[in-house]
Amino acid sequence: MSSLPTPDAARLAAIDKYFQFGLSAEELEEFVPAVAGTLASSAAVEQLYERTAPPVPDRSWTSPSPEENRLGAWYVKTSVNESSEGPLAGRTVAVKDNVAVAGVPMMNGSRTVEGFVPRVDAVAVRRLLDAGATIAGKAVCEDLCFSGASFTSKPGPVRNPWDESRTTGGSSSGSAALVAAGEVDLALGGDQGGSIRMPAAFCGIVGHKPTHGLVPYTGAFPIERTIDHVGPMTRTVADAAAMLGVLAGTDGFDPRQPDVIPPVDYLAVLAAPASGLRVGVVTEGFGTPFSDPGVDDAVRAAIDVLGSAGLTVEKVSIPWHTDALHVWNVIGTEGAAYQMIDGNAYGLNADDFYDPELIAHYARGRIEYGSTLSKTVKLVGLSGRYTFETGGGKYYGMARRLVPEIRAAYDEALNQYDVLVMPTVPYTAKEIPPADVSLADYLHTALSMIGNTAPFDVTGHPSCSVPTEQVDGLPAGLMITGRRFDDATVLRVAHTYEQAVGGFPAPPVAVSTGSST
């Protein structure tokens, strides 16, 4: 039985006003039966869909107790394992809570999604399970994933295991905290503006944003198709490589992906020496208005390590790097307002693997609980909708037209160098702000760290953060970026650095979960 009611003339009048069709009352009355006649197909599609839609599987899960959730990083805990064999056999994985694990609640850090239970696993989750991994639970993330800190999430903030008064970074906040604290071996994160790499830097772990389209986004809650990424968050580069090897490849559903992706054994390529590779130090990535000189110094020291390991290191200027954030800002506000908010996450007009249940649940939730959304999401909605209404989409169109120019600027540098390096984030983790923080300070804490990371979400280049030496007892990150679909070289350089420094430290309270890959 269809859930779609027949609209009356008053409802059509509201739609007429929205489109400015200029219909008279009499004309609206004439359109009522005409519109009603078109709804039979919508009802038929609903019935046809339900014939083949899978039921929600019965998987057990629990809400963690306060004692189990000291950092506020777990949304729910579970133990899903379907194979004792494979490259990730015996490894535990926390899945960012914007990624579907069938039968396990998903909240995406937001009251607007709370109560949703997916019917099917995300492709990334299915690949992890097929590789022998055990899904240990869902990791808290920022409200609709739109923050680079860790204090906008519902039901509460995620705390940094290096200093529990500070944020972990975000939006993959819980994923970073759980890996850093040793509560899981591996985590799946998501990245639209830096949300894998920024929390990795703030928490002292490895975070790899793959080339756009290398890993299927199918089954993860979208923000904006052209910048959506999922990828590994781990304690070692070898673990990130092993995880990427499992995750990478086409799935036949995700429009973000090319038709063919040649397989790569990312773990095996780490054995190839990186000596002789060329490293370009992007000057525009240092000394920004938000930069802490101590972080810049720590990153320069990490770059010196690469030089001592036999890589050729030179400075390179890429002026587009400074302006690229303007392009990301338009795509990340107008584009996200159009797809994530107005379009109820998925939008329309793409040959995508849609989740009708999630769309309907969130569509209701964002109306009922819209007042509870974070101020970062409200900023996206207000700004993005305003520019769309004012320009009709022209600003988004201009931004998309500029993307090839930005990509070409990085590609030109990458014709000269094998990788580009710079700080992942400009400062160390900030304190979790109080509830009564001013809007200006709220937005600064949530968004001011994205200047180096966000451009590569727009261009799609692979980019990995690895820990540098600490700054005043807190982690910082070196970001290594390479040619599109050459994630292997990025990981080789990251691994060479890790081996040269003798591994990465864990916070004093970290819990051991077993051996690394």
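**Exercise 1. Classify Ala-345 by burial and give its backbone setting.**

Solution. At 1% relative accessibility, Ala-345 counts as buried, because buried means under 20% relative accessible area, exposed over 50%, and partly exposed in between (1.4 Å probe, protein chains only). Next, the backbone: Ala-345 is not a glycine, yet its phi is positive, about 85 degrees. Last, the location: Ala-345 is found in the loop between helix H9 (320-342) and helix H10 (356-368). Helices (H or I, at least four residues) and strands (E, at least two) are DSSP runs, numbered from the N terminus.

A note on the model: it is predicted, so local features need pLDDT of at least 70 and side-chain atom pairs count only at pLDDT 80 or more, while totals for chains, interfaces and linings use all residues. Residues are numbered from 1 along each chain as its sequence is written, and side-chain values use heavy atoms, with hydrogens and water left out.

**Exercise 2. Describe Cys-145 in the same way.**

Solution. Start with phi: it is near 65 degrees in Cys-145, a positive value in a residue other than glycine. Then place the residue: Cys-145 sits in the loop between E4 and E5. Finish with burial: Cys-145 is buried, at a relative accessible area of 5%.

**Exercise 3. Find which residues are joined by cis peptide bonds at Pro-155 and at Ser-171.**

Solution. The bond from Lys-154 to Pro-155 is cis, with omega near 10 degrees. Pro-155 belongs to the loop between strand E4 (134-139) and strand E5 (159-160). Gly-170 and Ser-171 are also joined by a cis peptide bond, with omega about 10 degrees. Ser-171 lies in the loop between strand E6 (163-167) and helix H4 (173-180).

**Exercise 4. Trace the salt bridges of Glu-50, Arg-126 and Asp-191.**

Solution. Begin with the criterion: a side-chain nitrogen of Lys or Arg within 4 Å of a carboxyl oxygen of Asp or Glu. The structure holds 27 salt bridges.

- Glu-50 pairs with Arg-119, the closest N and O atoms being 3.5 Å apart. This pair links distant parts of the chain: Glu-50 in helix H2, Arg-119 in the loop between strand E3 (92-96) and helix H3 (123-130), 69 residues apart. Glu-50 is partly exposed at 42% relative accessibility, and Arg-119 is partly exposed at 22%.
- Arg-126 pairs with Glu-82, with closest N and O atoms 2.7 Å apart. Again distant parts of the chain are linked: Arg-126 in helix H3, Glu-82 in the loop between strand E2 (74-80) and E3, 44 residues apart. Arg-126 is partly exposed at 28%, and Glu-82 is partly exposed at 45%.
- Asp-191 pairs with Arg-197, with closest N and O atoms 3.0 Å apart. Asp-191 is buried at 0% relative accessibility. Arg-197 is buried, also at 0%. Elsewhere, salt bridges that share partners join Arg-59, Glu-82, Asp-121, Arg-126 and Asp-130 into one network.

**Exercise 5. List the contacts of Thr-134 and of Glu-431.**

Solution. Apply the cut-off: contact means heavy atoms within 4.5 Å. Leave aside neighbours within four places in sequence; Thr-134 is then in contact with Ser-79, Val-80, Asn-81, Arg-91, Thr-92 and Val-93. Thr-134 lies in strand E4 and is buried, with a relative accessible area of 16%. With its neighbours within four places left aside likewise, Glu-431 is in contact with Ser-165, Arg-166, Thr-167 and Thr-445. Glu-431 is found in the loop between strand E12 (419-423) and helix H13 (439-447).
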